[in-house]
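Please open the model in your viewer, show it as a cartoon, and keep a selection panel at hand. The tour below goes from one selection to the next and says what is found at each stop.

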Amino acid sequence: RSSDLEEEKKKTPATKSKKDDDDSSDSEDDDDDSSDSDEEDEETFAGKPKLKAQKPKEEAADDNPFAQDNEVFVGSLSYSTDEDGLWKFFKKGKASPASVKIVTDRNTGESRGIAFVTFNSKDDMTKAVELTGSTLDGRMIVVRSSRDRKPAQGGRGGGGGGGFGD
């Protein structure tokens, strides 16, 4: 029988006294808390690393992060105005464009009456903005720096509802 007891003791982990448990659990809990927080920092979710908090960037003067430095928005264009005509218009106004892009409807391919024009220098861009109110193809156009655009605030929101059983 004593040999059976000795084998049982070898199989089961050694137990501590109640006092030892209290003393060691406090220190283990402290260690566990710090190691748990370290593990939480390195934890992954679905195999992806946990994102660290990023420091907020200082807000720049320009609100539109997608706008290029010397880009202008041109509005109220005639639907018949093409990129060559817009290019020539700015050249005549003493502003040399680097690129001209008229925005078109994705389904029909027709002009939406707006464009974005990029210039090689701030000086050329300033000259272009001064052309606001000029007439091109029978329409008075609007030229603004694309940096002036304010980010969208909300919107109309979603619809929803409708359908069978509502």
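A residue is called buried here if its relative accessible area is under 20%. By that criterion, buried residues make up 21% of the 166 residues in the chain of this predicted model.

**The whole chain**

Colour the chain by secondary structure before selecting anything smaller, and you will find 4 helices and 8 strands. Read from the N terminus, these elements follow one another as α-α-β-β-β-α-β-β-α-β-β-β. If you draw the contacts between residues at least 6 apart in sequence, 61% of them join residues at least 24 apart.

**The sheet**

Select β3, β4, β5 and β8 next, which form an open sheet of 4 strands in the order β4-β5-β3-β8, with antiparallel pairing. At its edges are β4 (97-104) and β8 (142-145), each of which pairs on one side only. From one strand to the next, the twist averages 20 degrees.

Now restrict the view to strand β3 (residues 71-75) and strand β5 (residues 111-119), whose antiparallel pairing extends over 4 bridges. Within this pair, F73 of the one strand has F116 in β5 as its bridge partner. On adding β4, you will see that β4 and β5 are also paired in the antiparallel sense, over 6 bridges, and that S99 has T118 in β5 as its bridge partner. The hairpin of β4 and β5 has 6 residues between the strands, and G109 there takes a positive phi near 80 degrees.

**The helices on the sheet**

Add helix α3 (residues 83-92), which packs on the sheet and touches β3, β4, β5 and β8, its direction making about 140 degrees with that of β4. Then add helix α4 (residues 122-129), which lies across β3, β5 and β8 and runs at about 145 degrees to β8.

Which residues of α4 are buried? They are D124, M125 and A128, and because they cover an arc of only 100 degrees around the axis, they sit on the same side of α4. These buried residues pack against β3, α3, β5 and β8.

**The nonpolar core**

In soluble globular proteins, nonpolar side chains tend to be buried together. The largest nonpolar core in this model has 18 residues, and V74, L86, F90, V117 and F119 are those with the most contacts inside it. At least two residues of this core come from each of β3, α3, β4, β5 and α4.

Centre the view on L86 and show its surroundings: leaving out residues up to four places away in sequence, L86 touches V74, L77, T81, V100, I102, A115, V117 and L136. From there, move to A115, which lies in strand β5 and counts as buried, its relative accessibility being 0%. Apart from its neighbours within four places in sequence, A115 is in contact with V72, F73, V74, L77, L86, K101, I102 and V103. A distance label from A115 to V143 should read 9.5 Å, C-alpha to C-alpha, for two residues that are 28 apart in sequence.

**Three polar stops**

Select S111, which also lies in strand β5. Is S111 buried or exposed? Its relative accessible area is 13%, so S111 is buried. The side chain of S111 reaches the backbone nitrogen of G113 at 3.0 Å. With its neighbours within four places in sequence set aside, the contacts of S111 are S78, Y79, I102, V103 and T104.

Go on to N70, placed in the loop between β2 (48-49) and β3. With a relative accessible area of 12%, N70 is buried, and, not counting residues up to four places away in sequence, N70 touches V117, T118, F119, N120, S121, K122 and M125.

Finish at D124 in helix α4, where the relative accessible area is 12% and the residue is therefore buried. Residues up to four places away in sequence aside, D124 touches K94, A95, S96 and F119. Draw one last distance, from D124 back to N70: these residues are 54 apart in sequence, yet 8.3 Å apart in space, C-alpha to C-alpha.

Key: Residues are numbered from 1 along each chain as its sequence is written. This is a predicted model: local features need pLDDT of at least 70, side-chain atom pairs count only at pLDDT 80 or more; totals for chains, interfaces and linings use all residues. Side-chain values use heavy atoms; hydrogens and water are left out. Two strands pair if DSSP finds at least two bridges between them. Axes are lines fitted to C-alpha atoms, for helices over the stretch in contact, and angles run from 0 to 180 degrees between N-to-C directions. Contact means heavy atoms within 4.5 Å. Buried means under 20% relative accessible area, exposed over 50%, partly exposed in between (1.4 Å probe, protein chains only). A nonpolar core is a set of buried Ala, Val, Leu, Ile, Met, Phe, Trp, Tyr and Cys residues joined through side-chain atoms within 4.5 Å. A polar contact is a pair of N or O atoms within 3.5 Å; within protein, one must be able to donate a hydrogen and the other to accept it, and residues adjacent in sequence count only if both atoms are side-chain atoms. The arc is that of the directions from the helix axis to the C-beta atoms.
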